[in-house]
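Open the model in your viewer and follow the stops below in order. Each stop gives a selection and then says what is there.

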Amino acid sequence: MEKRFVYADHSATTPISKPVLNAMLPYLTEGYGNPSSIYSKGREAKKALESAREQVAEALHAKPSEIYFTSCGTESDNWAIKGAAAAGARKGKRHLITTNFEHHAVLHTMQMLEKEGFEVTYLPVDSQGLITAAQVREAIRPDTALVSIMYANNEIGTILPIPEIGAVCREARVPFHTDAVQAVGQVAIDVGVQQIDMLSLSGHKLNAPKGVGVLYLRSGLAIDTFMHGGAQERGRRAGTENLASIMGLAAAITIASFQIEERAARRTAMRDRLIDGILAQIPRCRLNGSREHRLPGSLNISFEGIEGESLLLLLDMKGICASSGSACTSGSLDPSHVLLAIGLPHEIAHGSLRLSLGDENTMEDVEYILEILPPIIERLRSMSPVWEKLMAEQRAQSVG
């Protein structure tokens, strides 16, 4: 098979789709007005901004007044967590709950708050990357100010029981925030039914541009403002709105929300073919995360006896873009905290491969990966002293 280009790292970022680009272009040229200006050009921009807010709200089954535009998912996470923590502290509530395998936008924010005197409970996930609502219920205390648990994990694709957790938090009257950056556009989300108080999302994960995100903030929930300055976003988030990117995000989330079942079925078929093909062809590898509770296009597999960085470089030489962990930590030599959290030893966690599929991927891409990957693994293992040791141990056991 000839070398081809296969982009299989959509959990890191996605390409801007043509419909999204078309939605943005008018606001990069003639629609450049400042939504805060009172003349006609500004009023036109303001009208477009509010139209985008309505589109995002509709996709999440929220009210437009509950949608706040931000610069990214990380900002939205920071605003939700820091804002709720500050509001809770004024009531004597300085306890926070999260999991031990969140995105660093959540974990590092929690760690910062610990330095300021907050107490954080990090719920451990099981070997499948799951927690239960019962764990959350047991962790909630009278002084709990916030529960923040991701909707779907960015590295292994595990989907957590968000509706059940939301119900527990609502019953306990504790605000519930979810980082849904990986989930929005891939699974159906209804913030009312699922009893979500705050939700973070990012445009570049659903074929919109980088540099735009959203915080959904339920009406009646009071948290502190994160960015101060002008009166944008109803006085809650200062800074002139990135209108072109916001229009792109609105188009992207609308397209995704109306095609969720169709897109999920297509991606799931490709994902399952990859999982089954890899596990059947390559010995001593394992799927990380729940097989059942998983994002449609996401898989993470660890291979014994190899280093993930070398694997990525050899795949890149064959035209395949993949990841060995989250894009935000790919420069680190430490093993993934997510894989360590589900119980993998360091030497196996180092040899992980994340493949995440998108709209432009085809089953032909999948077959290409399945042809290219096994000989690469074999080549890396042939040079690995770790693999040689594993094989020696296996031979000794068989003799014994």
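**Stop one: a pair of strands**

Select strand E10 (residues 298-303) together with E12: the two run antiparallel and are joined by five bridges. This is a predicted model. For one of these pairings, pick Ser302, whose bridge partner in E12 is Ser352.

Now keep E12 alone, residues 352-356. Is this strand mostly covered or mostly uncovered? It is mostly covered, with five of its five residues buried. Show the side chains next: Ser352, Arg354 and Ser356 point one way from E12, while Leu353 and Leu355 point the other way. Residues on both sides of the strand are buried.

**Stop two: two helices**

Select helix H3 (residues 73-89) and helix H4 (residues 104-115), whose axes come within 9 Å and cross at roughly 30°. Because angles under 35 degrees count as roughly parallel, H3 is roughly parallel to H4. The crossing of H3 and H4 is right-handed. To see the contact, show Thr74, Asp77, Asn78, Ile81, Lys82 and Ala85 on H3. On the H4 side, add Ala105, Val106, Thr109, Met110, Met112 and Leu113.

**Stop three: the cores**

Which residues touch the most other members of the largest nonpolar core? Select Leu60, Val136, Ile189 and Leu199, which do so within a core of 66 residues. A second, separate core has 30 residues, among them Ile275, Ile306, Leu357 and Ile369.

End by centring on Ile189. Leaving out residues up to four places away in sequence, Ile189 touches Ala59, Leu60, His61, Tyr151, Ala180, Ala183, Val184, Gln194, Ile196 and Leu199.

Terms used
Residues are numbered from 1 along each chain as its sequence is written. This is a predicted model: local features need pLDDT of at least 70, side-chain atom pairs count only at pLDDT 80 or more; totals for chains, interfaces and linings use all residues. Side-chain values use heavy atoms; hydrogens and water are left out. Buried means under 20% relative accessible area, exposed over 50%, partly exposed in between (1.4 Å probe, protein chains only). Helices (H or I, at least four residues) and strands (E, at least two) are DSSP runs, numbered from the N terminus. Two strands pair if DSSP finds at least two bridges between them. A nonpolar core is a set of buried Ala, Val, Leu, Ile, Met, Phe, Trp, Tyr and Cys residues joined through side-chain atoms within 4.5 Å. Contact means heavy atoms within 4.5 Å. Axes are lines fitted to C-alpha atoms, for helices over the stretch in contact, and angles run from 0 to 180 degrees between N-to-C directions. Angles under 35 degrees count as roughly parallel, over 145 as roughly antiparallel, 65 to 115 as roughly perpendicular and the rest as oblique. A crossing is left-handed if the near helix is turned anticlockwise from the far one by less than a right angle, and right-handed if clockwise.
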